[in-house]
Amino acid sequence: EDKKAGSKGTEKAEPEELKEPAESNEPKEPVEAKGNGHVVCIDPGHQRSGESAKEPNGPNSKTMKARVTGGTRGTTTGVYEYELTLTISQALKTELEKRGYTVYMTRDTHDVKISNMERAQYATQVNADIYFRIHANGAGSSSANGAMMLTPSASNPYVANLASKSKTLSQDVLTAYCQATGMKNLGVQANDTMTGLNWATMPMTLIELGFMTNPRDDKNMEDAAYQAKMVQGMANGIDAYFQGQ
């Protein structure tokens, strides 16, 4: 949401932005979980237009942050982050549903106006077991490459009680994702400044799929066969998390 945690000095603006959940701004009524009984809320990072109006960084916070930022763009492919994140999120939703999960998405179109706080609140509205945010990274240097996960620390002022499970979720997904794709593993990084994490009420994580400013990562993330590996990796990691609970 705020900034990306990529190479130093090249953080990305808040990776969240949403409009109303998926088709409309009206949150869908939660339905009883079927299949394997687990509910996942996926947040495709960003949206077509950022929104500079402010919202609290967390519950009762006096720190105000932009509701949604614009994200990055592929320097080789020209694809915008908000486009990539929706493509991957839709494919992940399909895969998870095949595996028995009940899946909600904070948006299913680019033309929305949903803030990072509202995205996290939507996950609560649909009774999600985990909140999975999907983003891509950007850096000032084209050599920066690889995937990472962002998760709240144990000293987070808003969601410290969720830090342990969120870290486990992050580690499980990143390990499986990098195994499936061959992407460089940049590790799980603590981040307590992201509105989209600070407003969550269930274990949550944010994946940086790769660097859109790196030619290889950027091209790979637009390749259909590679995208299938990305999706399989993330789904395998989510499976591993629930199997360990």
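A residue is called buried when its relative accessible area is under 20%. In this predicted model, Cys-41 has a relative accessibility of 0%, so Cys-41 counts as buried. Cys-178 reaches 9%, which is also under the limit of 20%, so Cys-178 is buried. Thr-151 has 4% and therefore counts as buried. Of the 245 residues of the chain, 56% fall in the buried class.

The chain contains six helices and eight strands. From start to end, these elements follow the pattern β-β-β-α-β-α-β-β-α-β-α-β-α-α. Many contacts link distant parts of the sequence. Among contacts between residues at least 6 apart in sequence, 81% join residues at least 24 apart.

Six strands form an open sheet with mixed pairing. Their order across the sheet is β4-β1-β5-β8-β6-β7. Strands β4 and β7 (185–190) occupy the edges, and each has a single partner strand, so one side of each lacks a neighbour in the sheet. On average, neighbouring strands are turned by 20° against each other, direction ignored.

At the β4 edge, β1 and β4 run parallel and are paired over four bridges. Cys-41 stands opposite Tyr-104 of β4. The side chains of β4 point two ways: Thr-102 and Tyr-104 go one way, and Val-103 and Met-105 go the other. All of these β4 residues are buried.

At the β7 edge, strand β6 (residues 147–151) is parallel to β7 and joined to it by four bridges. Met-149 stands opposite Val-188 in β7. Helix α3 (residues 163–181) packs on the sheet and touches β5, β6, β7 and β8. The direction of α3 makes about 170° with that of β6. Thr-151 belongs to β6. Leaving out residues up to four places away in sequence, Thr-151 touches a set of residues that includes Ser-166, Lys-167, Ser-170, Val-188 and Met-204.

Helix α1 covers residues 81–98. At 1.5 Å a residue, its 18 residues should span 26 Å, and the end C-alpha atoms are 26 Å apart, so the two values agree. Gly-100 follows α1 and has a positive phi, near 100°. The buried residues of α1 include Tyr-82, Leu-84, Leu-86, Ile-88, Leu-92 and Leu-96. Polar residues appear in this buried set too, among them Glu-81, Thr-85, Ser-89 and Glu-95. The cover over the buried residues of α1 includes β1 (39–44), β4 (102–105), β5 (130–137), β8 (204–211) and α6 (224–243).

Helix α6 has 20 residues. From first to last C-alpha it reaches 29 Å, close to the 28 Å expected at 1.5 Å a residue. This helix lies across β1, β5 and β8 and runs at about 150° to β5. Its buried residues include Tyr-226, Met-230, Val-231, Met-234, Ala-235, Ile-238 and Phe-242. They are covered by elements that include β1, α1, β5, α3, β8 and α5 (215–220).

Nonpolar side chains in soluble globular proteins tend to be buried together. Here, the largest nonpolar core has 35 residues. Leu-92, Leu-96, Ile-134, Tyr-177, Ile-207, Leu-209 and Met-234 have the most contacts inside this core. At least two core residues come from each of β1, α1, β4, β5, β6, α3, β8 and α6. Helix α6 gives the most, with eight residues. Leu-92 shows how these elements meet. Apart from neighbours within four places in sequence, Leu-92 is in contact with Ile-42, Phe-132, Ile-134, Val-231, Met-234 and Ala-235. Another core, of 24 residues, lies apart from the largest one. Its members include Val-39, Met-117, Tyr-131 and Phe-211.

The cysteines were also checked for bonds. A disulfide is a covalent bond between the sulfur atoms of two cysteines. With a cut-off of 2.5 Å between cysteine sulfur atoms, the count comes to zero disulfides.

Notes:
Residues are numbered from 1 along each chain as its sequence is written. This is a predicted model: local features need pLDDT of at least 70, side-chain atom pairs count only at pLDDT 80 or more; totals for chains, interfaces and linings use all residues. Side-chain values use heavy atoms; hydrogens and water are left out. The expected span of a helix is 1.5 Å times one less than its number of residues. Buried means under 20% relative accessible area, exposed over 50%, partly exposed in between (1.4 Å probe, protein chains only). Contact means heavy atoms within 4.5 Å. Two strands pair if DSSP finds at least two bridges between them. Axes are lines fitted to C-alpha atoms, for helices over the stretch in contact, and angles run from 0 to 180 degrees between N-to-C directions. A nonpolar core is a set of buried Ala, Val, Leu, Ile, Met, Phe, Trp, Tyr and Cys residues joined through side-chain atoms within 4.5 Å.
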